[in-house]
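Here is a walk through one protein model, written for someone who would rather be at the bench. Keep the sequence and the 3D view open while you read.

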Amino acid sequence: MKRTTALLLALLLILLCGCGKKEATETVYAMDTVMELTVWGPGAEKQVQAAAERIQELEETLSVTRSDSEVARLNAGETVVLSEDAAALLEQSLILRDETDGAMDPTIYPLVKLWGFTTREYRVPTEAEIAEMLAQVRAGTLEIEDGTAAAHGLELDFGAVAKGYAGAVLARELKEAGVKSALLTLGGNVQTVGLKPDGSRWRIGVRDPWGAEGIYLGVLTVGETAVVTSGGYQRYFEEDGTRYCHILDPSTGYPASSGLASVTIVAEDSLLADGLSTALYVMGLEKASDFWRNRGGFEAVLVTDDGTIFVTAGLRDCFACREFQVIER
Ligand code: AMP
Ligand code: MG
């Protein structure tokens, strides 16, 4: 009898430990990047699978390069009945465009194409080509009514916000399914759900813009949040000794050269974090600092071209790094 009780207890203990440690990971290639999704807890396998399928669904809707996506059809001049995802992303990214005074602008796509960033057939366009394309983009209009959209003379690219939107959607849906702990790495975007399985906070590395993958400048200790980095180092080409990065300044049509090497945004809302990482990279240190002071609702790590690290005041105590300067309110 004693032996049976001991055996049952041991079995119970194994089951309990097993459940607590249950972990499932999926690697997905979508939105032009490698994504790693990890979920902990009961049902982790099923939840991570559902998340991976959701990413593919978003990719099919939002990809600018898949000819049958809603975005591609809009860009081809069709009037499109928008899915809930495309409608939400369009609406929120246009709000962000206004808020950032156009530093993040999803209608910049014709210029992204002109520089070859879509096809990776890079080239430096002539000044006249850029001016002509900019004029065309500015003259374009977007008609949105009752969930239907049509673009006139302009094309959209959600490259600056789609991964952020995906992070927000996945986090929400995982939580609705009862997940208490997950780590979603969508290229340069990180989204956490809850705390680590052991109840401690997450440690998220901020990539060294000059280092190899996996080399970090510092580490952020965070709870449930999005941590999104934009940097010229993530995609660029060089011609005649000049480096041209994939983030364009919509006010000039040229790659942003604002003196920043990378911008990391920490915010609850992953779409906001993604949009702002691109926008603040375009703005440069001073404008970005003022934007943070005036708007709030997010924190940032800004690395200048000379390697100086600036951190907004709210991150002072959760950023571990050799040396940094604090941007005060
Ligand atoms: P991210 O990596 O989030 O900073 O987004 C950069 C991507 O967004 C680029 O690869 C382009 O496809 C697109 N893009 C480039 N510049 C801008 C901009 N100023 N506003 C919006 N999208 C942009
Ligand atoms: Mg972005």
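Let's start with a small sheet: 3 strands make an open sheet in the order β3-β5-β4, with antiparallel pairing. The edge places go to β3 (80-81) and β4 (141-145), each with a single partner strand, so one side of each has no neighbour in the sheet. Strands here are DSSP runs of E with at least two residues, helices are runs of H or I with at least four, and both are numbered from the N terminus. Two strands count as paired if DSSP finds at least two bridges between them. β4 and β5 (residues 148-152) are joined by 5 bridges in the antiparallel sense, and Thr141 sits opposite His152 in β5.

Some housekeeping before going on. This is a predicted model, in which local features need pLDDT of at least 70 and side-chain atom pairs count only at pLDDT 80 or more, while totals for chains, interfaces and linings use all residues; side-chain values use heavy atoms, with hydrogens and water left out. Residues are numbered from 1 along each chain as its sequence is written, and chains are lettered from A and ligands numbered from 1 in the order in which they are written.

**Another strand pair.** In a regular strand, side chains alternate between the two faces of the sheet. Strand β8 (residues 202-207) does just that: Trp202, Ile204 and Val206 point to one face and are buried, while Arg203, Gly205 and Arg207 point to the other and are not. Buried means under 20% relative accessible area, exposed means over 50%, and partly exposed is in between (1.4 Å probe, protein chains only). β8 runs antiparallel to strand β9 (residues 216-222), with 6 bridges joining them, and Arg207 faces Tyr216 in β9.

After β9 comes a loop leading to β10 (226-231), and Thr225 is found in it. With 8% relative accessibility, Thr225 counts as buried. Setting aside neighbours within four places in sequence, Thr225 is in contact with Val190, Gln191, Thr192, Val266, Ala267 and Glu268; contact means heavy atoms within 4.5 Å.

**The magnesium ion.** Which protein atoms are donors of the magnesium ion (ligand 2)? They are Ala160 (O), Asp274 (O), Asp274 (OD) and Thr278 (OG1), at 2.2 to 2.5 Å from the ion. A donor is an N, O or S atom within 2.8 Å of the metal (3.2 Å for Na, K and Ca); water is not among the atoms, so sites may look incomplete. Along the chain the donors follow the spacing A-x113-D-x3-T. Ala160 lies in the loop between β5 and α7 and Asp274 in helix α8 (residues 270-283), so the pair ties together parts 114 residues apart in sequence. Both Ala160 and Asp274 are buried.

**Helix α7 and its lysine.** Lys163 belongs to helix α7 (residues 162-176). Is Lys163 buried or exposed? Lys163 is buried yet has no salt bridge, and the nearest side chain of opposite charge, Asp274, is 5.7 Å away. For charges, Lys and Arg count as positive and Asp and Glu as negative, with His and the chain ends not counted. A salt bridge needs a side-chain nitrogen of Lys or Arg within 4 Å of a carboxyl oxygen of Asp or Glu. Not counting residues up to four places away in sequence, Lys163 touches Met31, Thr33, Met35, Leu186, Asn189, Ser270 and Asp274.

Other buried residues of α7 include Tyr165, Val169, Leu170 and Leu174. Their cover includes β2 (33-40), α2, α4, β6 (181-186), β7 (189-194) and α8. Just past α7 comes Gly178, with a positive phi near 95°.

**Salt bridges.** By this rule there are 16 salt bridges. Three of them are set out here.

| Pair | Closest N to O distance |
|---|---|
| Arg54 and Asp85 | 3.0 Å |
| Glu173 and Arg54 | 3.0 Å |
| Glu238 and Arg243 | 3.6 Å |

Salt bridges that share partners join Arg54, Glu57, Asp85 and Glu173 into one network. Arg54 is buried at 14% relative accessible area, Asp85 is buried at 10%, and Glu173 is partly exposed at 28%. Glu173 lies in α7 and Arg54 in α2, so their pair ties together parts 119 residues apart in sequence. As for the remaining pair in the table, Glu238 is exposed at 53% and Arg243 is partly exposed at 45%.
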